[in-house]
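Let's take a walk through this one together, going from strands to domains to the contact between chains. Have the viewer open and follow along.

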Amino acid sequence: MSRLPLSGVRVLDLTWVVSGPQATRLLADLGAEVIKIEGRNRGDQVRRMTFNPRVFATRGMFVYFNRNKLGVSLNLATPEGKEVFRQLVTLSDVVIENFSAHVMERWGFDYAGLQAINPAIIYVSMPGFGHSGPNVDYQSNGPTIQALSGQTFACGFPDMPPAGWGYSYMDHTAGYYGAMAVLQAVYYRNRTGLGQFIDLAQLETACSLMGVYILDYTVNSRSLRRPGMPAGNRSTHPAAAPHGVYRCQGEDRWVAIAVSTDEEWQRFRTALADEVWHQDPSFATLWGRLQHQDALDRHVESWTSRRTQQEVMRLLQAAGVAAGMVQDPAQRAEEDPQLQARGHIVDLRMEEAEGGRVRVDSLPMTAAALPHQEYRPAPDLGQHNGDIYGQLLGMAAGEVDDYVKQGIF
Amino acid sequence: MEPSVFSDVRVLELTGILGQQCGKLFADMGADVIRVEPPGGAESRRIGPFLSDVPHRDRSLSFWHYNTSKRSITLDLACPTGAAIFRRLVATTDVLVEDQPPGALPALGLGYEQLQALRPGLIMVSITPFGQTGPYRDLKSSDLVSLALGGPLWSCGYDDHGLPPARPYTDAAYHIACHYAFVGVVAALVLRQATGQGQYLDVSMHEACHDTTEGAMPTYYFGGQRVQRQTGRHAAVTATQPVLFPCRDGKWIFTRVPVEPNAWEQFLDWLDEAGMAVDLRDQRFSDPARRQQEIAHITEVLASFCATHTADELYHGAQRRGMVWATVRSPDEVVHDQHLKARGFVVSVEHPELGRSFQYAGAPYQFSETPWAIRKRAPLLGEHNQEVYCREMGFTPAELVALSEAGVV
């Protein structure tokens with residue numbers, strides 16, 4: 001296989017659940033050797049989220065976020081386990097985890113501890129609240145971070161309860177920033193030989209994305225907590241109308257439409273051939289459309305609701321208007337011609353587990369350096385103990401077995 | 001000056017509103033990011049809100065946030081002289097970030113093939129709605145439309161499916177695309193350190209959004225089922241209980257009923273302190289499985305408890321007891337968070353042209369060796385024309401005047 005960007009970079013991956021594994025999935029896809037370290041008794045709790053009781057526990061969500069990684073079991077609470085971990089650190093480039101702030105410190109593996117073992121180590125820690133501050137011991141998951149950063153509040157219709165993300169967006173996004181942190185630190189270390197510590201507070205990552213809302217407050221004293229806000233599917237900045245999600249034929253079928261400039265509005269009108277309402281001069285300018293948005297939205301929805309979402313998207317896109325179906329997971333997996341043409345959804349090579357087709361999503365980019373790979377399946381708990389402890393650390397097979405029996409591996 | 005990750009990297013940024021977050025990620029980590037704007041200014045300068053609600057190309061708070069630490073030059077790429085100057089700039093550049101419609105730059109003679117001949121090792125990333133290939137390549141999109149087609153919208157909204165899905169916070173789709181673009185470019189920079197070779201990256205916002213829907217795809221791929229959106233909580237195949245409740249002060253709180261035995265006991269003690277445990281100490285609630293069957297009743301008790309406290313009382317009270325609850329804050333309310341204050345999240349940025357400083361959203365991550373920092377407020381339009389064209393490229397002041405009068409810069 002051709003050289004990948006992170007070929008030769010070894011990552012000790014102590015992460016679990018979603019945010020950390022999302023970070024190391026990216027690193028593995030980019031060619032890093034990611035060694036996922038799990039406790040023998042518990043393992044990553046996502047192993048138990050299979051979505052289908054009949055399938056093996058290396059399927060489901062765990063596969064989705066842990067493909068391409070190697071798996072070892074290790075009990076870091078034992079002195080022998082700690083010693084093995086020290087040996088791994090000497091042979092590795094990166095340590096990454098998403099525990100609460102003091103977990104690594106209690107094991108003796110805070111940055112100072114890791115640096116004493118390997119001076120050039122890159123250590124990325126991604127707890128919800130970071131490693132300092134009065135709330136350093138607070139606990140979080142994706143929805144916690146989304147609520148505290150304002151993302152939950154910013155999603156919803158006026159005069160209604162907050163809707164917020166319908167999933168842990170921040171688990172993905174903190175994971176992206178975790179991978180970004182590692183990549184930047186590797187780039188810098190290649191230049192200087194220096195490692196470093198990255199304190200990635202997921203709450204701060206989330207807040208950094210809300211900068212425009214923050215400036216509107218710090219500069220203009222205007223809070224989003226005000227009547228009429230959040231604006232639902234309407235767009236205040238940039239101003240646009242019609243801008244929304246409109247009902248189509250069928251059960252729970254919707255289409256998103258975004259029209260901003262008057263030129264776009266004229267194109268939109270050409271798709272409405274048999275309609276008359278759009279000739280109303282009050283809709284002719286963006287200013288007029290913004291002033292009469294309620295009436296405009298009713299008209300638009302009366303048009304979309306008599307058509308399928310496919311038809312609305314096709315008619316509007318043919319006229320050069322930004323419009324797209326709200327696609328459900330089945331539509332994305334089975335019917336999306338763009339995802340198909342670009343080969344985005346790929347089969348996982350599963351001969352190591354029992355047969356069957358297993359699909360996963362590849363990186364959302366193409367480049368010569370990132371050939372579409374044959375992704376390896378996610379590891380069983382401790383699957384690569386022999387490779388890592390035997391071949392890498394040079395332990396005898398009997399010794400590895402003993403460590404398993406003693407609960408160290 | 002403190003060391004920075006990208007002190008040896010120059011980035012040219014040719015973006016509208018889609019790609020500017022990618023440039024910001026480089027600029028705040030020390031790259032020399034030059035935003036090349038049309039002589040009339042980038043379209044993102046026209047997006048509000050504006051300083052004191054006075055629209056002006058140098059007063060857009062959206063532009064301020066997304067363009068910190070960058071330089072700005074003006075240049076008309078559509079005229080041959082402008083394109084020639086751009087080629088000279090590319091010859092000094094490591095990374096080109098662009099979000100023009102597919103085919104637009106090659107039509108000006110500025111495609112990757114042509115540019116990398118001028119600068120071996122050039123890394124170029126195109127961030128577009130659907131990528132450079134496939135049947136959707138030339139379709140129009142927007143933040144909202146990409147969230148619809150890519151899948152996030154399907155999972156976001158309310159229990160009542162008579163209401164359309166709800167749009168998450170502003171620019172989320174642009175962020176998702178830019179985060180992946182940044183990962184790809186830094187990976188390419190790392191590869192270039194080893195091989196000296198450049199790279200062209202084709203990033204698809206559609207695929208990036210599709211890859212950012214957490215459980216939705218694995219649930220379908222592995223279980224054949226479609227998750228359904230719910231108010232304020234994870235979309236799921238089977239409906240779950242509400243987790244957001246209104247509080248005494250009108251704010252909302254994100255809650256989670258604890259499962260672990262110790263946590264459940266602590267939760268009951270807390271309810272008891274307020275005399276609001278009702279019947280939850282009954283034997284039938286002591287077994288976690290049984291509790292799950294009674295979850296609707298427990299949720300009622302929880303809702304009453306929340307209604308008699310302020311959101312922040314509940315947030316800190318729950319967190320002191322090890323529970324992941326959180327206030328649903330407006331994005332601007334993070335400015336007053338004591339934890340973030342102690343960590344220095346919000347940073348002061350000087351605007352010398354206004355004689356004032358403003359509070360900005362700060363670091364998404366804290367690097368120990370190469371700190372994230374806003375080097376300078378967003379550039380005024382063409383602020384660095386003199387610096388770049390005269391001092392760095394060797395044009396005389398008279399030539400710059402002539403280029404300006406000719407509409408080239």
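In which sense do β7(A) and strand β8 (residues 254–258) of chain A pair, and over how many bridges? They run antiparallel, with five bridges holding the pairing. Keep in mind that we're looking at a predicted model here. To find your way into the ladder, pick Y246(A), whose bridge partner in β8(A) is V255(A). The two strands make a hairpin, and six residues sit between them. In that turn you'll spot G250(A), with a positive phi of about 100 degrees. Strand β7 (residues 243–247) of chain A is mostly covered, as four of its five residues are buried.

Now back up along the chain into the loop between α9 (211–220) and β7 of chain A, which is where P230(A) sits. The peptide bond leading into this proline from M229(A) is cis, with omega near -5 degrees. P242(A) belongs to the loop between α9 and β7 as well, and the bond from A241(A) to P242(A) is also cis, with omega near 0 degrees. Most peptide bonds, by contrast, are trans.

That loop has another backbone oddity to check: S221(A). It isn't a glycine, yet its phi is positive, at about 60 degrees. Is S221(A) buried or exposed? S221(A) has 8 other C-beta atoms within 10 Å, so it counts as exposed. Elsewhere, in the loop between α6 (142–149) and α7 of chain A, you'll find D159(A). D159(A) is not a glycine either, and has a positive phi of about 60 degrees. D159(A) counts as exposed because it has 9 C-beta neighbours inside 10 Å.

Zoom out and chain A splits into domain 1 (10–208 + 342–405) and domain 2 (243–334) according to the domain assignment. The C-alpha centres of these two domains of chain A lie 42 Å apart.

Next, the partner. Chain B has 16 helices and 14 strands, and its C-alpha trace spans about 85 × 50 × 45 Å along the principal axes. Of the 409 residues in chain B, 54% are buried.

How many residues does each chain bring to the contact? Chain A gives 125 residues and chain B gives 123 residues. On the chain A side, helix α7 (residues 169–192) supplies the largest share, 16 residues. By type, that side of chain A divides into 69 nonpolar, 41 polar and 15 charged residues. There's strand pairing across the chains too: strand β6 (residues 196–199) of chain A runs antiparallel to strand β14 (residues 366–367) of chain B, joined by two bridges. Look for I198(A) there, standing opposite F367(B).

Note on methods
Residues numbered from 1 in each chain as written. Chains lettered and ligands numbered in written order. Predicted model: local features only at pLDDT ≥ 70, side-chain atom pairs only at ≥ 80, totals over all residues. Contact = placed C-beta atoms within 7 Å. Nonpolar A, V, L, I, M, F, W, Y, C, P; charged D, E, K, R; others polar. Pairing = 2+ DSSP bridges. Buried ≥ 20, exposed ≤ 12 C-beta atoms within 10 Å, placed from the backbone. Domains from an automatic or database assignment.
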